[in-house]
Amino acid sequence: NDGDGVEIRTLDASDSFLTITIRDNVMTENSDDGIQIIDDDTVGDTNALLIIDRNLIARNALAGIGLMDLGETTEDYRAASLSERVHVFNNTLIGNNHGLTGGDNLVAINNIFMDHTNIAVKETDGNSVVANSLFWNNGVDQSGSNVDTTSTVNADPQLDEAAQLLPLSPAIDA
């Protein structure tokens with residue numbers, strides 16, 4: 001795409017519960033972010049859960065998953081402190097400028113962060129946690145993030161050409 005692979009703007013849904021699921025996709029080589037979540041402060045808090053699960057997010061020019069605020073769509077790696085609940089599970093993020101940026105209520109579990117030019121996980125803080133993840137060959141693995149280092153693996157994930165785990169991958173059952 002000549003832009004983001006997926007762009008989501010939060011809506012005022014405080015009177016109802018909203019779930020958005022992005023699952024089993026391949027988002028590669030977009031000229032901006034693979035997935036961008038934008039909070040528009042004019043709508044207040046959103047009663048929403050965003051689930052990003054089992055995706056390949058690779059070689060996007062900017063962030064693999066970028067969180068922005070103030071209604072701003074131009075990615076600047078601000079790593080916005082969004083209060084929306086975001087679950088990032090079982091994804092493979094490879095070769096983006098930044099892997100995952102932002103979130104104050106984000107749970108990232110069982111993800112692979114590999115070959116990010118700059119930072120794999122940036123300012124995923126507040127009530128957020130990054131756990132059971134594998135980091136490999138990033139400019140910086142994490143900056144200002146709540147990473148559970150006891151469950152973190154730093155090793156070559158051993159992926160094939162389709163970014164699937166090879167039989168002896170350290171990510172299997174880790």
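Student: Which backbone nitrogen does the side chain of H116 reach?

Tutor: That of N96, at 3.2 Å. The model is predicted: local features need pLDDT of at least 70, side-chain atom pairs count only at pLDDT 80 or more, and totals for chains, interfaces and linings use all residues. Side-chain values use heavy atoms without hydrogens or water, and residues are numbered from 1 along each chain as its sequence is written.

Student: Where does H116 lie?

Tutor: In the loop between β12 and β13, the latter spanning 119-122. Strands are DSSP runs (E, at least two residues), numbered from the N terminus.

Student: Is H116 buried or exposed?

Tutor: H116 counts as buried because its relative accessibility is 1%. The cut-offs: buried is under 20% relative accessible area, exposed over 50%, partly exposed in between (1.4 Å probe, protein chains only).

Student: What is H116 in contact with, beyond four places in sequence?

Tutor: L93, I94, G95, N96, N97, H98 and G99, plus N137, N138 and G139. Contact means heavy atoms within 4.5 Å. So N96, whose backbone nitrogen the H116 side chain reaches, appears in that list too.

Student: New topic. How many aromatic pairs does a search of the whole structure find?

Tutor: The search finds 1. The pair is F113 with F135: ring centres are 5.2 Å apart and planes meet at 15 degrees, so the pair is stacked. Rings of Phe, Tyr and Trp (its six-membered ring) pair if their centres lie within 6.5 Å; planes under 30 degrees apart are stacked, over 60 edge-to-face, the rest tilted.

Student: Which strands hold F113 and F135?

Tutor: F113 is in β12 (residues 112-114) and F135 is in β15 (residues 134-136). They are 22 residues apart, so the pair links distant parts of the chain. Both F113 and F135 are buried.

Student: And what else is F113 in contact with?

Tutor: Leaving aside neighbours within four places in sequence, F113 contacts L93, L100, A120, V121, V130, S133, L134, F135, W136 and N138. F113 is also among the residues with the most contacts inside the largest nonpolar core, along with I35, I37, I52 and I65.

Student: How many residues has that largest nonpolar core?

Tutor: That core has 25 residues. A nonpolar core is a set of buried Ala, Val, Leu, Ile, Met, Phe, Trp, Tyr and Cys residues joined through side-chain atoms within 4.5 Å. Elements giving two or more residues to this core are β4, β5 (48-53), β7, β8 (85-89), β11 and β13. The largest share, 3 residues, comes from β5.

Student: What does the second, separate core include?

Tutor: Its 9 residues include L56, M114, L134 and L159. L134 is also one of the contacts of F113.

Student: Over to the sheet. What is the order of the open sheet of 6 strands?

Tutor: The order is β1-β4-β7-β10-β13-β16, and the pairing is parallel. Two strands pair if DSSP finds at least two bridges between them. The edge strands, each pairing on one side only, are β1 (6-9) and β16 (140-143).

Student: How many bridges join β1 to β4?

Tutor: There are 4 between β1 and β4 (residues 35-38). E7 stands opposite Q36, and R9 has I38 as its bridge partner.

Student: And how many bridges between β4 and β7?

Tutor: Also 4, in the parallel sense, with β7 covering residues 63-68. I35 stands opposite I65 there.

Student: Which way do the β4 side chains point?

Tutor: I35 and I37 point one way, Q36 and I38 the other. All four of these β4 residues are buried.

Student: Backbone oddities now. What is the phi of N110?

Tutor: N110 has a positive phi of about 65 degrees, although it is not a glycine. N110 sits in the loop between β11 (106-109) and β12. N110 is partly exposed because its relative accessibility is 37%.

Student: What about the phi of A163?

Tutor: A163 has a positive phi of about 65 degrees and is not a glycine either. A163 is in the segment after β17 (153-154). Its relative accessibility is 14%, so A163 counts as buried.

Student: Last one. Where does A79 lie?

Tutor: In the loop between β7 and β8. A79 is buried, with a relative accessible area of 3%. Beyond residues up to four places away in sequence, A79 touches L67, T101, G102, K122 and E123.

Student: How many residues separate A79 and N132 in sequence?

Tutor: A79 and N132 are 53 residues apart in sequence. In space they are 21 Å apart, C-alpha to C-alpha.

Terms used
Polar contact = N/O pair within 3.5 Å; in protein donor to acceptor, adjacent residues only side chain to side chain.
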